[in-house]
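Here is a brisk report on the structure below. The topics are salt bridges, cysteines, one strand residue and a surface patch.

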Amino acid sequence: MEPKFFTLKEVMLNNHCPECYSNTGLRLTFRQRFSENLFYKSITDDLKKDIYCTDCNTPIYSGRWTKDIEQVVAYQQRATKLKPKSMKIKPLAWGFIAFDVLLIALVILFVMDVIKF
């Protein structure tokens, strides 16, 4: 299963692209990871940073970042507010929890001879 991300912030940068040397096309995107399955949804602290040049249609990987780009990314990352880490239990999980509590209560009552089968 591939991790899912939602966009927190997109910023256009005025730095020169390491591929085409244009200074108008760099777009920095911050994405925060969330996971979801049948039982819960949660937001994590994982942050993904992507730079894409819209002029030459090329992703700029972190190995190609210049020192100026790294400084701007660090500044923008400090300015970006992450959504707080959270977890929400879905109704199916609540059903399983209620069933387990009921089952444990029945076992305890059976062991204590309060109910007999």
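Buried here means under 20% relative accessible area, exposed means over 50%, and partly exposed lies in between (1.4 Å probe, protein chains only). The model is predicted: local features need pLDDT of at least 70, side-chain atom pairs count only at pLDDT 80 or more, and totals for chains, interfaces and linings use all residues. Residues are numbered from 1 along each chain as its sequence is written, and side-chain values use heavy atoms, with hydrogens and water left out.

**Salt bridges**

Side chains of opposite charge can pair when their charged atoms come close. A salt bridge is counted when a side-chain nitrogen of Lys or Arg is within 4 Å of a carboxyl oxygen of Asp or Glu. How many salt bridges does the structure hold? The count is four. The table lists three of these pairs, with the N to O distance.

| Acid | Base | N to O distance |
|---|---|---|
| Glutamate 19 | Arginine 64 | 3.0 Å |
| Aspartate 50 | Arginine 31 | 2.6 Å |
| Aspartate 46 | Arginine 33 | 3.2 Å |

Helices (H or I, at least four residues) and strands (E, at least two) are DSSP runs, numbered from the N terminus.

Take the salt bridge of arginine 64 with glutamate 19. This pair links distant parts of the chain, 45 residues apart. Arginine 64 sits in the loop between strand S4 (58–60) and helix H1 (67–79). Glutamate 19 sits in the loop between strand S1 (4–13) and S2. Arginine 64 is partly exposed at 42%, and glutamate 19 is partly exposed at 40%.

Next come aspartate 50 and arginine 31, joined by a salt bridge. Aspartate 50 belongs to strand S3 (residues 40–53) and arginine 31 to strand S2, so the pair ties together parts 19 residues apart in sequence. Aspartate 50 is partly exposed at 25%. Arginine 31 is partly exposed at 24%.

Aspartate 46 and arginine 33 also form a salt bridge. Aspartate 46 is in strand S3 and arginine 33 in strand S2, so this pair ties together parts 13 residues apart in sequence. Aspartate 46 has 37% relative accessibility and counts as partly exposed. Arginine 33 is partly exposed at 28%.

**Threonine 29**

Strand S2 (residues 26–36) also holds threonine 29. Is threonine 29 buried or exposed? Threonine 29 is buried, at 3% relative accessible area. Contact means heavy atoms within 4.5 Å. Leaving out residues up to four places away in sequence, threonine 29 touches Thr7, Lys9, Glu10, Lys48, Lys49 and Asp50.

**Cysteines**

A disulfide is a covalent bond between the sulfur atoms of two cysteines. The test is a pair of cysteine sulfur atoms within 2.5 Å. The whole structure has zero disulfides. Why is cysteine 17 not bonded? Its closest cysteine sulfur, in cysteine 53, is 3.7 Å away, too far for a bond. Cysteine 53 has its closest cysteine sulfur in cysteine 56, at 3.5 Å, again too far for a bond. Cysteine 17 is buried at 1%, and cysteine 53 is buried at 0%.

**Helix H2**

Helix H2 (residues 91–111) contains leucine 103. Leucine 103 is partly exposed at 43%. The expected span of a helix is 1.5 Å times one less than its number of residues. For the 21 residues of H2 this gives 30 Å, and the end C-alpha atoms are 30 Å apart, which agrees. Aspartate 113 follows H2, with a positive phi near 60°.
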